[in-house]
Amino acid sequence: MKVNISKYLLSVEKPAQYLGNEINSCHKDAWTSNMCLVFPDIYEVGMSNLGIKILYTLMNKVPGFYLERGFMPMDDMEDIMRKNNIPMFSLETKSELRDFDVVGFSLSYEMCYPNMLNALSLGGIPLRREERGEEYPLIMAGGTCVMNPAPLEKFVDFLMVGDGEENMPELARILVATKGKTKAEKLQALSNIQGIYIPSLHNKNKKVQRAIVKDLNKCDLYDEQLIPYMAIVHDRATAEIQRGCTRGCRFCQAGIVYRPVRERSLEKNIELVSKLIENTGHSEISLSSLSSSDYTNIDSLISGIKSKYSCDSVGVSLPSLRMNPHSVKVAEIISGGKRTGFTFAPEAGSQRMRDIINKGVTEDEIMATAEAAVRAGWMSLKFYFMIGLPFETMEDVQGIYELVKKVSQMCRSIDKRINITASVSNFVPKPHTPFEWCKQMSMDEMVEKHNFLKGLFTGLKGVALKIHPPKKSLLEGLISRGDSRTGDLIELAFKKGVKLDDYRDNYNLWMEALNELGLSVDYYLGERSFDETLPWDIIDIGVSKEFLKREYEKAKAQTLSHDCRLGCLGCGMKKIIPECGNIVDTKKDFSL
């Protein structure tokens with residue numbers, strides 16, 4: 001059944017987010033099977049997500065299949081929907097969620113889990129899997145969060161673990177072929193797709209191997225990206241130039257679970273960028289990856305784009321740059337004379353801590369990069385740090401202040417107008433990293449370190465200190481390191497009114513739910529044993545436990561591991577992809 005929201009659009013903020021008729025949106029007259037892909041956050045956040053753009057393009061190319069989108073309504077629209085019994089709907093056809101064959105959720109942030117349940121509730125769909133009969137759609141989830149499936153098992157019929165470019169179109173083809181079949185028959189047909197985890201069918205002694213796209217060059221291009229009629233968080237076209245990272249930072253979940261590094265060729269990247277500009281009209285292209293400046297042909301790619309589109313004033317942005325003077329040169333090329341802010345991510349203030357986390361950058365390199373940026377004309381510098389890292393002392397925390405102070409003094413001796421922001425987040429030991437066994441800071445520890453830093457930074461001229469809220473960090477750790485009982489916590493917290501955690505303080509409601517269930521914060525945030533079976537061990541990401549343990553011991557010994565492009569470190573990926581380490585574009589020139 002279709003819903004009609006037209007008479008309410010002038011009563012809500014940003015009505016364009018509910019229209020579904022953006023440029024390049026897909027509207028089909030007929031289809032055999034369909035799915036609503038829901039990003040469990042508001043539109044302007046979800047429409048900035050590259051994964052949504054990729055799947056929307058690729059899955060709608062499957063004959064007989066229609067993929068629509070859904071986003072969480074803002075409070076004003078949700079109030080209207082609940083008062084007028086308007087169910088959660090898709091953007092393109094305004095169909096009720098319960099009318100789809102599958103409702104999928106893209107989960108990249110643990111604090112969105114209650115939003116997922118809110119979407120089901122608004123759609124009139126029972127939250128728990130065993131409560132949903134044949135009259136309801138299959139519920140699935142994918143994204144980085146499902147690397148720990150335990151908190152979600154009560155709610156989903158299946159999970160998709162890993163890369164989606166190949167297995168999600170395959171899912172679409174199977175859904176078309178099994179239209180009219182029972183849920184059990186559909187799930188059985190889906191069970192052979194790489195990366196799929198079906199709790200009701202799974203042999204608990206068997207691991208789920210994540211799906212890995214080996215060759216990005218063989219994937220269909222996603223050049224017809226949606227163009228919203230309103231401002232979104234990242235209002236630009238995005239081209240993922242490579243996937244994975246070889247740096248081996250021990251705190252970084254993405255750097256582990258997206259191995260191995262796979263580069264799209266220079267020729268294919270140029271083709272993708274050209275088509276994005278042609279099909280979207282965007283004047284800015286983001287060359288995205290975990291470490292974009294590590295792309296083999298980054299200089300040729302940037303110069304090629306700037307050369308081809310100089311007359312059209314196409315801007316190029318890189319979300320991640322290494323801390324070295326060459327990165328400043330790259331930034332100079334792409335900035336085109338426009339100097340906004342230059343971002344650094346030393347992650348830790350002391351050299352000791354940077355060695356522990358295998359950051360692989362020295363204080364001299366940080367200072368040299370900052371100086372090069374200022375001399376090149378940047379007036380605003382931003383530094384990202386973490387506190388609560390394993391083996392950290394208060395002296396290491398003070399190192400953040402000491403480093404920023406040195407940078408400030410050096411930069412302001414060049415130009416007194418320089419402004420520096422030190423952004424500090426609270427470390428969460430994530431699954432499938434060398435620190436997955438480590439203890440996370442308690443609330444008291446976070447508050448103590450926050451106050452310590454605030455005291456140090458008081459009076460430091462030209463420097464602003466920003467600290468991530470401790471409540472959200474604690475809750476993120478609680479959920480990301482959770483087990484099946486965490487699903488009960490998420491459900492109870494939602495029923496108490498938790499939703500849209502990024503926009504409101506629901507901490508007390510979470511704590512009420514935790515206490516009612518008799519769960520302990522200390523248990524979930526506490527240290528784990530090497531011998532312990534962890535809730536996420538059911539997922540085989542391709543990187544071995546032995547490698548993670550070796551990296552943990554190296555961290556303890558403050559020993560660095562080299563970039564794996566310089567030689568294999570034996571993480572385990574070669575057993576799955578023998579070409580690991582060599583899936584790079586060695587062609588050094590490409591004529592436009």
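User: In this predicted model, how many residues of strand 4 are buried?

Analyst: Strand 4 covers residues 138–142 and is mostly covered. Buried here means under 20% relative accessible area. On one side, Leu-138, Met-140 and Gly-142 are buried. On the other side, Ile-139 and Ala-141 are buried, and the count for the strand is five of five.

User: Which residue is the bridge partner of Ser-106 in strand 4?

Analyst: Strand 3 spans residues 102–106. Five bridges join strand 3 to strand 4, and the two run parallel. For Ser-106, the partner in strand 4 is Gly-142.

User: What is the handedness of the β-α-β crossover from strand 3 to strand 4?

Analyst: After strand 3 the chain passes through helix 4, residues 113–122. From there the chain reaches strand 4. This crossover is right-handed.

User: Which residue of strand 5 is the bridge partner of Ala-141?

Analyst: Strand 5 holds residues 158–160. Strand 4 and strand 5 run parallel, joined by three bridges. Ala-141 has as its bridge partner Leu-159.

User: How far apart are the axes of helix 4 and helix 16?

Analyst: Helix 16 covers residues 484–495. The two helices pack at an angle of about 65 degrees, and their crossing is right-handed. Their axes lie apart by 9 Å.

User: How many residues in the contact of helix 4 with helix 16 are charged?

Analyst: Helix 4 brings Tyr-113, Pro-114, Leu-117, Asn-118 and Ser-121. Helix 16 brings Ile-490, Glu-491 and Phe-494. Five of the contact residues are nonpolar and two are polar, while the number charged is one.

User: Which strands stand at the edges of the open sheet with the order 8-11-12?

Analyst: This open sheet has three strands with parallel pairing. An edge strand here has a single partner strand, so one side is left without a neighbour in the sheet. That applies to strand 8 (237–240) and strand 12 (315–317).

User: By how many degrees are neighbouring strands of this sheet turned against each other on average?

Analyst: The order of the strands is 8-11-12. With direction ignored, the average turn between neighbours is 25 degrees.

User: Which residue stands opposite Gly-315?

Analyst: Strand 11 runs over residues 284–288. Strand 11 pairs with strand 12 in the parallel sense, over three bridges. Opposite Gly-315 of strand 12 stands Glu-284.

User: Which helix packs on the sheet and touches strand 11 and strand 12?

Analyst: Helix 8, residues 266–280, packs on the sheet but touches strand 8 and strand 11. The helix that touches strand 11 and strand 12 spans residues 298–309. Its direction makes about 170 degrees with that of strand 11, and it is helix 9.

Definitions and conventions: Residues numbered from 1 in each chain as written. Predicted model: local features only at pLDDT ≥ 70, side-chain atom pairs only at ≥ 80, totals over all residues. Heavy atoms only, no water. Buried < 20%, exposed > 50% of the residue type's maximum accessible area, 1.4 Å probe, protein only. Helix = DSSP H or I, 4+ residues; strand = E, 2+ residues; numbered from the N terminus. Pairing = 2+ DSSP bridges. Right-handed = clockwise from strand over helix to strand, strands pointing away. Axes fitted to C-alpha atoms, helices over the stretch in contact; angles between N-to-C directions. Left-handed = near helix turned anticlockwise from the far one by under 90°. Contact = heavy atoms within 4.5 Å. Nonpolar A, V, L, I, M, F, W, Y, C, P; charged D, E, K, R; others polar.
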